[in-house]
Amino acid sequence: KVLVGDAEALAVTVPLLLKDAKLTKKTEQFAVQSANGVDTIGFWQSPDDSVQWDFEAPVAGPYEIWMEMSHEGEGGRFQVQVGTKSVEAKVPNTGGFGTYRRVRVGTVLVEQTGKNSLAIKPLEIVGAAVMGLKDVSLRPATVSSVILDTAAWEFRFPKHDLRFVRF
């Protein structure tokens with residue numbers, strides 16, 4: 001389980017470890033694999049293959065989703081779901097499955113404290129696989145964020161102490 005939230009934790013990136021991932025497999029080879037001392041999730045070849053992590057969130061709020069991924073050529077699309085909220089993104093061309101790039105996928109609102117889950121599901125597979133996945137982490141949104149939720153927009157801004165002076 002991963003702890004997300006409280007004041008001190010909000011200043012720190014929260015990794016979702018590949019070894020703690022729960023895989024739903026249709027493709028036999030879809031798995032956490034180790035090559036040259038680096039763990040990755042590879043052979044993601046079916047829309048029915050997905051990965052999920054459970055984590056405890058003591059504080060609700062906006063979090064940026066960061067992923068380190070690889071793909072040869074232009075990639076397909078995938079969805080990251082946190083609780084009932086989701087973000088769709090496109091897999092970038094990183095120059096090959098052995099070349100990884102860290103990408104900010106989007107910002108999602110962790111709605112409740114306590115048990116939460118994050119799941120990644122392919123929407124469109126282009127090429128040999130949806131992606132090679134090396135790392136997933138949640139970072140507290142420290143800058144102004146726009147979160148699109150269905151048809152509603154929600155704007156969140158960092159907390160600022162303001163001082164009012166009257167002349």
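Among contacts in this protein between residues at least 6 apart in sequence, 69% join residues at least 24 apart. That figure, like everything below, comes from a predicted model. The pLDDT averages 84 over the protein, and 83% of the residues reach at least 70. Residues 1–11 are another story, with a pLDDT below 50. Even so, this stretch has 28 contacts in the model beyond near neighbours in sequence.

As for the elements, the tally is simple: 14 strands and zero helices. Reading from the N terminus on, the order is just β-β-β-β-β-β-β-β-β-β-β-β-β-β.

Now for the inside. The protein has 167 residues, and 43% of them count as buried. Its largest nonpolar core is made up of 32 residues, and W53, M67, F78, L118, I120 and M131 have the most contacts inside it. Plenty of strands chip in: at least two core residues each come from β2 (14–16), β6 (50–57), β7 (61–71), β8 (77–82), β9 (85–90), β10 (96–110), β11 (114–124) and β12 (132–140).

M67 makes a handy example to follow in the structure. Setting aside neighbours within four places in sequence, M67 touches F78, V80, R101, R102, V103, V105, I120, M131, L133, D135 and V136. Three of these partners, F78, I120 and M131, turn up again among the core residues with the most contacts.

On the outside, the accessible surface of the protein adds up to about 9,600 Å², with 52% of that area belonging to carbon and sulfur atoms.

Definitions and conventions:
Residues numbered from 1 in each chain as written. Predicted model: local features only at pLDDT ≥ 70, side-chain atom pairs only at ≥ 80, totals over all residues. Heavy atoms only, no water. pLDDT = per-residue confidence, 0-100. Contact = heavy atoms within 4.5 Å. Core = buried A, V, L, I, M, F, W, Y, C linked by side-chain atoms within 4.5 Å. Buried < 20%, exposed > 50% of the residue type's maximum accessible area, 1.4 Å probe, protein only. Helix = DSSP H or I, 4+ residues; strand = E, 2+ residues; numbered from the N terminus. Areas by Shrake-Rupley, 256 points an atom, 1.4 Å probe, with all protein chains shown as cover.
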